[in-house]
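Grab a coffee and work through these exercises with the model open beside you. Try each task before you read the solution.

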Amino acid sequence: MLEAGWEFMGHAVKQGAMHLQPDQRAVVRDTVAIIEKFAGKKPKGWLGPGLTETWETLDLLAEAGIEYVSDWVNDDQPYEIRTSKGPLVSVPYTLELNDIPMMVIQHHESSAWLGRCRDQFDRLYAEGAKGGRVMAIAVHPYIHGVPHRIKYFEAVYDYMRRKKGVWFTTGEEIYEWWKAGRR
């Protein structure tokens with residue numbers, strides 16, 4: 001992943017809800033330090049375990065130098081969030097196209113994910129003609145990497161690649177694009 005240039009974003013050092021952590025500041029600090037040591041730079045983004053936060057989480061993230069979060073699944077465009085330690089940006093994320101809820105919790109057939117992704121893409125692509133839209137797709141190798149699902153994963157990307165003007169990118173690049181447009 002490092003050699004391929006993937007983005008590393010914070011997701012906590014323990015897979016447990018932030019509101020159950022006895023010291024959130026330590027969780028954020030340790031996560032940032034581990035990523036910085038491995039990747040050679042601090043992460044700019046954060047996706048909380050289980051998308052969990054408390055009233056102080058965003059302040060702690062900003063304090064640690066995190067610049068964007070993807071825990072707020074409420075829009076398809078980035079926006080600014082004010083904290084006591086300076087602004088953060090919400091970079092869109094979704095649960096609707098996340099394979100954990102769809103496949104593991106709701107037990108949809110694999111083909112349902114393909115249909116949902118195409119429908120989401122078609123709508124956002126049409127709306128994107130007047131301004132950018134973000135379509136987050138959350139997949140996990142142990143879910144969509146299995147033989148009976150991988151073809152649906154490939155089909156979604158093949159479908160989107162056939163359209164002009166689609167930008168396949170990272171959360172950090174979306175954040176940087178949004179920030180540059182605000183200057």
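**Exercise 1: one helix, two sides**

The buried residues of H4 are Ser110, Trp113, Leu114, Cys117, Phe121 and Leu124; buried means under 20% relative accessible area, exposed over 50%, and partly exposed in between (1.4 Å probe, protein chains only). Seen down the axis of H4, these buried residues fall within an arc of 110 degrees, so they line one face of the helix. That arc is taken from the directions from the helix axis to the C-beta atoms.

A word on ground rules: this is a predicted model, where local features need pLDDT of at least 70, side-chain atom pairs count only at pLDDT 80 or more, and totals for chains, interfaces and linings use all residues. Residues are numbered from 1 along each chain as its sequence is written, and side-chain values use heavy atoms, with hydrogens and water left out.

*Task.* Which residues are exposed on the other side of H4, and what do the buried residues of H4 pack against?

*Solution.*
- Step one: on the other side, look for Asp119, Arg123 and Ala126, which are exposed.
- Step two: turn to the buried residues of H4, and you'll find them packing against helix H3 (99-105), helix H5 (141-144) and helix H6 (150-161). Contact here means heavy atoms within 4.5 Å.
- Step three: check the length. H4 covers residues 110-127, and its 18 residues should span 26 Å at 1.5 Å a residue; the end C-alpha atoms are 27 Å apart, which agrees. The expected span is 1.5 Å times one less than the number of residues.

**Exercise 2: the whole chain**

*Task.* How many helices and strands does the chain have, and what pattern does the chain follow along the sequence?

*Solution.*
- Step one: count seven helices and four strands. Helices (H or I, at least four residues) and strands (E, at least two) are DSSP runs, numbered from the N terminus.
- Step two: reading along the sequence gives α-β-α-β-β-β-α-α-α-α-α.
- Step three: compare the radius of gyration, 17 Å, with the 16 Å that the globule rule gives for 183 residues; the two are close, so the chain is as compact as a globular protein of that length. The radius is taken over C-alpha atoms, and the rule is 2.2 Å times the number of residues to the power 0.38.
- Step four: of the 183 residues, 40% count as buried.

**Exercise 3: charged pairs**

*Task.* Which residue forms a salt bridge with Glu172, and where in the chain do the two partners sit?

*Solution.*
- Step one: set the rule. A salt bridge is a side-chain nitrogen of Lys or Arg within 4 Å of a carboxyl oxygen of Asp or Glu, and the count comes to 13.
- Step two: Glu172 pairs with Lys41, the closest N and O atoms being 3.1 Å apart. Glu172 lies in helix H7 (residues 171-181) and Lys41 in the loop between helix H1 (24-39) and strand S1 (45-46), 131 residues apart.
- Step three: check the cover. Glu172 counts as buried at 14% relative accessibility, while Lys41 is partly exposed at 45%.

*Task.* What separates Asp158 and Arg161 along helix H6?

*Solution.*
- Step one: their side chains meet in a salt bridge (3.5 Å, N to O).
- Step two: they are three residues apart in helix H6, which means about one helical turn between them.
- Step three: Asp158 counts as partly exposed at 39% relative accessibility, whereas Arg161, at 54%, counts as exposed.
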